[in-house]
Amino acid sequence: MPAPLMQIETDETFPKESDCVVIGAGIVGVSTAYWLARGGLRVVLLEKGRVGAEQSSRNWGWCRQQNRDARELPLSTKSLALWEDMAEDIGVDLGFRRCGLLYLSNDQAELDGWANWGRFARGEGVDTRMLDRAEATERGAATGQSWAGGVWSPSDGIADPSRAAPLIAQGAIKHGATVVQDCAARGIETTAGAVSAVVTERGTIKTSRVVLSGGAWAGSFLHQSGIFFPQASIRSSILSLKPVPKDLPDALHTAAASVTRRQDGGYTVAVSGRSHFDPTLRMIAGAKHFLPMFAKRWKSLSPGGLQAWKAAFETRAIWALDQETPMERTRILDPRPSRRHVDEALRRARALLPALKDVQMQQSWAGYIDSTPDGVPVIDSDIGIPGLTLAAGLSGHGFGIGPGVGHMVADMLLDRQPVTETAQYKLSRFDESQWGKVSKF
């Protein structure tokens with residue numbers, strides 16, 4: 001696992017009832033619990049393992065508007081402000097700072113794509129600046145090479161994946177929420193067709209509202225209630241380097257490699273988009289929904305192994321609520337990283353930034369990134385069972401927009417004006433004309 005993931009102690013008392021139960025304590029789940037509790041509801045946040053232990057602590061830490069799909073951009077913009085709001089309210093450092101994100105390229109087609117996006121985004125109020133050859137080369141001086149151009153997004157930034165979710169969970173507790181770790185939710189009970197309880201391995205919690213923020217587990221969980229959620233996951237490998245004394249960019253993306261400064265002064269290193277797909281029955285059954293995405297991104301994907309199959313987070317089986325479930329057998333999705341991908345990322349990063357040449361690797365890890373067919377999340381309180389809300393399929397963007405997703409869910413449940421428009425996040429869009437409308441970024 002990425003280290004050091006901050007671990008928090010939570011209440012061992014098991015609640016018997018709640019206004020709302022949130023299932024899954026990644027960045028979306030903790031943010032949802034936080035905003036609901038801050039809004040006055042009695043909230044229980046359930047986590048089968050440890051808070052933030054899956055993809056929410058395994059990502060780059062980027063919080064960006066730059067190159068967001070138009071459907072997701074308003075939520076991205078709002079989330080940046082909410083990162084600051086939450087940190088101030090909780091009174092802790094979430095590691096969030098608007099350090100700016102730097103993109104560099106020698107590919108004219110890529111630069112043209114960024115320029116086209118920039119013209120649209122500036123009309124939406126986003127501060128995004130194209131860099132000419134001289135400006136890009138100056139900002140990218142640490143690479144020791146010339147660049148044809150780039151993009152600088154000064155209001156974007158990064159946060160700390162090792163601390164953010166646990167600290168936001170503590171913020172939810174501060175506002176009265178109950179957080180229960182090492183407790184898997186096995187399913188929901190209904191009365192007259194509507195949510196009436198959540199069944200867990202420790203007992204039943206009476207509630208009329210449930211938010212499912214289970215990340216890669218969401219599709220299989222909904223399958224137990226007869227709800228189809230098109231979802232597939234890829235396995236991404238990543239590494240960290242030990243602290244670097246040289247003055248390098250805080251967050252830099254190139255086609256060769258992307259690097260991000262960590263809280264300890266080291267760097268997270270990855271190759272954007274480079275992943276494995278580990279086949280599962282659910283992935284095979286839902287393949288037709290993902291054909292357009294695969295057609296656009298197949299060059300970055302490699303065939304994987306049986307890790308996902310064995311972990312069973314994409315199972316098509318129906319489990320009994322009074323017996324052990326896959327969530328209890330796999331408390332934390334902690335897949336093995338690809339040694340080949342890690343070695344390649346390290347080699348590319350050292351070639352990109354000479355200052356990293358002799359810096360030793362600190363750790364390597366992998367995580368499963370769950371995606372929808374169009375690469376845009378589902379945030380919807382009308383998915384077929386009254387009282388059940390879905391917030392999943394974040395498609396690799398969840399860490400940055402997690403605060404906004406949580407706020408939007410709270411808006412839905414508290415009957416407030418949503419923080420941004422919601423139509424593009426409906427689950428029902430996959431029943432209509434959404435096929436092929438894959439997110440470009």
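Which elements do the buried residues of α5 pack against? That was my way in, and I noted early that I'm working with a predicted model.

**Entry 1: helix α5**

I looked up the packing and got four partners: the buried residues of α5 sit against α1 (27-38), α2 (73-90), β8 and α12 (398-413). Next I checked how much of α5 is hidden. Eight of its 11 residues are buried, so α5 is largely enclosed by the rest of the structure. I wrote down the names too: Ala164, Ala165, Pro166, Leu167, Ile168, Ala169, Gly171 and Ala172. I stepped just past the end of α5 and found glycine 176, which has a positive phi of about 105°.

**Entry 2: alanine 177**

Where does alanine 177 sit? I found it in the loop that runs between α5 (164-174) and β8 (178-180). Is alanine 177 buried or exposed? Its relative accessible area is 7%, and since the cut-off for buried is under 20%, alanine 177 counts as buried. I then asked what touches it. Setting aside neighbours within four places in sequence, alanine 177 has contacts with Ala37, Val43 and Ala172. Ala172 I already had on my list of buried α5 residues. I also took one distance: alanine 177 and leucine 36 are 141 residues apart in sequence, yet their C-alpha atoms are 8.6 Å apart in space.

**Entry 3: valine 198**

I moved on to strand β10 (residues 194-200), where valine 198 has its place. Valine 198 has a relative accessible area of 0%, so I put it down as buried. Its contacts, again without neighbours within four places in sequence, made a long note for me: Val21, Ile23, Leu46, Ala185, Gly187, Ile188, Gly203, Thr204, Ile205, Thr207 and Val210. For another distance I tried aspartate 85, which is 113 residues from valine 198 along the chain; their C-alpha atoms are separated by 31 Å.

**Entry 4: two positive phi values**

Most residues other than glycine have a negative phi, so I went looking for exceptions. Asparagine 67 is one of them, with a positive phi near 65°. I located asparagine 67 in the loop between β3 (62-63) and α2. Its relative accessible area is 4%, so asparagine 67 is buried. Alanine 312 also turned up, with phi near 65°. I found alanine 312 in the loop between α9 (307-311) and α10 (326-329).

**Entry 5: the whole chain**

How many helices and strands does the chain have? I got 12 helices and 21 strands. For overall shape, I compared the radius of gyration with the rule for a compact globule: 441 residues would give near 22 Å, and the chain has 21 Å, which agrees. Along the principal axes, the C-alpha atoms fill a box of roughly 65 × 45 × 40 Å. I noted that 59% of the 441 residues are buried. Among contacts with a separation of 6 or more, 76% join residues 24 or more positions apart. The accessible surface came to about 17,400 Å², with 50% of it belonging to carbon and sulfur atoms. I looked at charge last: the mean positions of the 50 positive and 48 negative charges are 5 Å apart.

**Entry 6: the record**

I checked UniProt, where an unreviewed entry carries the annotation "domain: FAD dependent oxidoreductase" for residues 19-412. Within the model, that span is 30% helix and 24% strand, and its end C-alpha atoms lie 14 Å apart.

Definitions and conventions. Residues are numbered from 1 along each chain as its sequence is written. This is a predicted model: local features need pLDDT of at least 70, side-chain atom pairs count only at pLDDT 80 or more; totals for chains, interfaces and linings use all residues. Side-chain values use heavy atoms; hydrogens and water are left out. Buried means under 20% relative accessible area, exposed over 50%, partly exposed in between (1.4 Å probe, protein chains only). Contact means heavy atoms within 4.5 Å. The radius of gyration is taken over C-alpha atoms; the globule rule is 2.2 Å times the number of residues to the power 0.38. Accessible areas come from the Shrake-Rupley method with a 1.4 Å probe; for residues, only the protein chains shown count as cover. Lys and Arg count as positive and Asp and Glu as negative; His and the chain ends are not counted. The place of a charge is taken as NZ of Lys, CZ of Arg, CG of Asp or CD of Glu. UniProt positions are given in the numbering used here, feature names are shortened, and annotations may be inferred rather than shown by experiment.
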